[in-house]
Amino acid sequence: MSKTLYDHAYTLAFSLKSNHPAGDDVTPRQLRTAILERLTTLSDDEILEAAGAPFDTYEVDPPVFDITPPPDPAAPRLSIRVDQLFNVELARQDEGLSVHVNSAHDNRPIAETWATDAQALKQENT
């Protein structure tokens, strides 16, 4: 069962100075700099206050791909959930990559394969 997701739109005020009364001389770079300056000078509490409540919210479909990074960044494993149908797990092995595809419903194996690391074989044969 998938979780309901919501997309929230917020407004964050910032200011910058210009020589034109309507701001027609403001460049994209000036806007970006002013926005980043505003964001970096606010504490966590201040940014919550500055953003306030969302002005628009709507329900969105869950992502088709749900990629779960490994708990340990050095771990040679990556899991991907595809549209509530199946899970794909890629795992780095000594000399290649194994791929396991399991049912998202009951974790039943659907397919698996293994790819040889050509670079490892090349080093082994030299």
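## Exposure and the salt bridge

A residue is called buried when its relative accessible area is under 20%, exposed when that area is over 50%, and partly exposed in between. In this predicted model, arginine 108 has a relative accessible area of 48% and therefore counts as partly exposed. Aspartate 106, with a relative accessible area of 44%, is likewise partly exposed.

These two residues are joined by a salt bridge, in which the closest N and O atoms are 3.8 Å apart. The structure holds 1 salt bridge, and the pair formed by arginine 108 and aspartate 106 is a salt bridge of this kind.

## Serine 103 and its surroundings

Serine 103 lies in strand 6, which runs over residues 96–103, and because its relative accessibility is 6%, serine 103 counts as buried. Its side chain makes a polar contact with the side chain of aspartate 106, at 3.1 Å, and aspartate 106 is also the partner of arginine 108 in the salt bridge.

When neighbours within four places in sequence are left aside, serine 103 is in contact with Leu85, Phe86, Asn87, Arg108 and Ile110.

## The chain as a whole

The chain contains 3 helices and 7 strands, and, read along the sequence, these follow the pattern β-α-α-β-β-β-β-β-β-α. Of its 126 residues, 11% count as buried, and serine 103 is one of the buried residues.

The chain exposes about 10300 Å², of which carbon and sulfur atoms supply 54%. Among the contacts in the chain with a separation of 6 or more, 30% are between residues 24 or more positions apart.

Conventions. Residues are numbered from 1 along each chain as its sequence is written. This is a predicted model: local features need pLDDT of at least 70, side-chain atom pairs count only at pLDDT 80 or more; totals for chains, interfaces and linings use all residues. Side-chain values use heavy atoms; hydrogens and water are left out. Helices (H or I, at least four residues) and strands (E, at least two) are DSSP runs, numbered from the N terminus. Buried means under 20% relative accessible area, exposed over 50%, partly exposed in between (1.4 Å probe, protein chains only). Contact means heavy atoms within 4.5 Å. Accessible areas come from the Shrake-Rupley method with a 1.4 Å probe; for residues, only the protein chains shown count as cover. A salt bridge is a side-chain nitrogen of Lys or Arg within 4 Å of a carboxyl oxygen of Asp or Glu. A polar contact is a pair of N or O atoms within 3.5 Å; within protein, one must be able to donate a hydrogen and the other to accept it, and residues adjacent in sequence count only if both atoms are side-chain atoms.
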